[in-house]
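Visitor: Walk me through this one, please. I want to see how each label is earned.

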Amino acid sequence: MRYFSSRDKDIKVSPSQAIIQGISKDGGLFVPESFPKIENLDQIKDMDYKSVAFLIMSKLLTDFEPDALKECIDRAYDSKFTSEEIAPISQVNDISFLELFHGPTLAFKDMALSILPYLLKESMKIQGVDKEVVILTATSGDTGKAALEGFANVDKIKIIVFYPENGVSEIQRKQMITQVGDNTFVVGINGNFDDAQSGVKDIFNDREYESLLSKHNYQLSSANSINIGRLIPQIVYYFYSYLVLLRQGKIQAGDKINIVVPTGNFGNILAAYYGKQMGLPVNKLICASNDNKVLTDFINTGTYDKRRELILTSSPSMDILVSSNLERLLYHLSGGDSGYIKTLMGQLSEEGYYKIDNLNMEDFYGGFSTEKDIDSMIYKLYSEHNYLMDTHTAVAYNVYEQYKEETKDNTITLISSTASPFKFGEAVASAIGLDTKDKDDFSIISELSKATKIHVPGPIDELKNKEVLHKNKCDKEDMKNIISDFLKVGELDD
Ligand SMILES: *Cc1c(COP(=O)(O)O)cnc(C)c1O
């Protein structure tokens with residue numbers, strides 16, 4: 001299995017090279033040359049999470065030795081997940097909530113970022129890389145902490161995280177700035193997530209800077225979902241949950257399901273799409289956005305237009321206008337026309353939009369949820385069914401309600417539940433009617449716990465007493481300088 005650059009098919013790399021590089025040198029994203037098929041799902045329906053992970057990942061990471069891959073999987077999906085099933089399903093009425101937030105940082109990013117460090121280490125071994133790898137990451141809140149947690153104190157790797165100073169929840173910020181580990185660096189940027197993400201992409205595309213780092217024995221890589229090593233582990237839970245539904249008798253082999261995904265950078269939903277290409281029976285992929293509804297507009301009109309103000313919402317991990325992984329989908333939909341993708345992406349960065357004629361998005365449905373609807377969905381599900389969901393999951397739930405209303409489709413549906421409600425405690429507490437005025441996050445969370453009789457998850461409870469270790473802030477223009485400071489790489493004279 002090789003991976004092509006989405007902007008230039010002549011660039012072909014092995015799986016381990018794709019993971020180490022993170023992003024292709026021409027700015028494109030690595031895409032698999034073909035989709036291996038997973039067949040006879042009925043016969044494997046009793047597999048546990050790790051076995052499904054091995055089945056899927058071994059087909060996509062073909063240059064990994066089976067035993068080495070197994071070890072990566074064993075180390076990642078262990079007791080740091082508080083659910084033995086790793087990704088349990090909660091049934092609420094006719095909806096299956098696939099809970100992806102039982103890992104150490106309480107958001108779905110743990111599903112992939114708990115294994116990425118091991119995949120990267122193994123990739124370095126396969127490629128004989130002797131440089132120190134510097135993971136450069138932009139975060140809308142959840143990736144940062146999950147990546148820090150995964151890479152902290154990993155030998156021969158440094159991790160640098162940029163988060164938008166005013167675009168993350170209080171808990172998300174606390175989680176990041178209290179991170180321990182000598183190899184971790186956390187910086188708040190004076191800007192939004194798109195600023196952080198484009199700043200990071202510019203650094204990846206800076207050949208001069210690359211050679212400066214190289215002279216100091218450093219090589220950059222990415223923990224964002226632009227890295228194929230992030231995407232591949234995410235395919236696993238969609239197959240796994242299908243098998244669970246089979247086991248429970250909710251569906252019969254071959255039955256199609258709908259999958260609803262609260263979407264920001266298009267990584268999670270793309271993993272579901274990859275699953276479909278690999279043989280997962282999927283009817284509709286329902287792409288749910290918040291008020292930053294670029295994707296809804298794109299799916300419904302064929303025009304992607306980022307020329308609008310970014311709105312800060314109660315689902316900050318989806319406050320994104322440039323949805324990176326859409327590029328991969330467009331590559332596949334265009335039949336692998338990398339020249340065309342290069343043109344589109346050039347137009348997006350220069351003019352702020354692109355339009356695709358005859359766009360075929362029949363696999364998808366796109367919708368969005370307003371702030372008011374998010375609140376009322378949280379309230380409704382809690383008061384009627386005693387199920388507490390976070391703001392991102394509520395976006396998905398709301399868009400699914402709209403979909404059902406519009407289409408009357410009653411296919412069995414899985415909602416990707418992406419974060420613990422306690423991670424966005426203030427918004428969730430006020431949605432269910434608690435008084436949050438003038439209260440700090442920790443007292444709100446403790447009241448939320450009292451009112452709902454759900455324990456505050458350990459990793460959040462512990463935050464209260466943790467020391468702030470990262471106080472760095474910078475402007476977008478200074479990202480490179482601050483990296484150079486961390487790595488102690490001054491400008492070389494030659
Ligand atoms: C990252 C994140 C999302 C968006 O996922 P993408 O893969 O970026 O589309 C949704 N919800 C939560 C809680 C997240 O952390």
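**Strand pairing and the ligand site**

Guide: In β7, Lys-158 is the bridge partner of Val-134. The model is predicted: local features need pLDDT of at least 70, side-chain atom pairs count only at pLDDT 80 or more, and totals for chains, interfaces and linings use all residues. Residues are numbered from 1 along each chain as its sequence is written, and side-chain values use heavy atoms, with hydrogens and water left out.

Visitor: What makes β6 and β7 a pair?

Guide: Pairing takes at least two bridges found by DSSP between two strands. β6 and β7 (residues 157-164) have six, in the parallel sense. So they pair. Strands are DSSP runs of E, at least two residues; helices are runs of H or I, at least four; both are numbered from the N terminus.

Visitor: Which strand holds Leu-220, the bridge partner of Val-134?

Guide: β9. Strand β9 (residues 218-222) pairs with β6 over five bridges, also parallel.

Visitor: Why is β6 called mostly covered?

Guide: Buried means under 20% relative accessible area, exposed over 50%, partly exposed in between (1.4 Å probe, protein chains only). Six of the seven residues of β6 (132-138) are buried, so the label fits.

Visitor: How do you know that Thr-418 makes a polar contact with the ligand?

Guide: A polar contact is a pair of N or O atoms within 3.5 Å. A polar side-chain atom of Thr-418 lies 2.9 Å from a ligand nitrogen, so the pair qualifies. Polar backbone atoms of Asn-265 and Asn-268 each lie 2.8 Å from an oxygen atom of the ligand.

Terms used:
A polar contact is a pair of N or O atoms within 3.5 Å; within protein, one must be able to donate a hydrogen and the other to accept it, and residues adjacent in sequence count only if both atoms are side-chain atoms.
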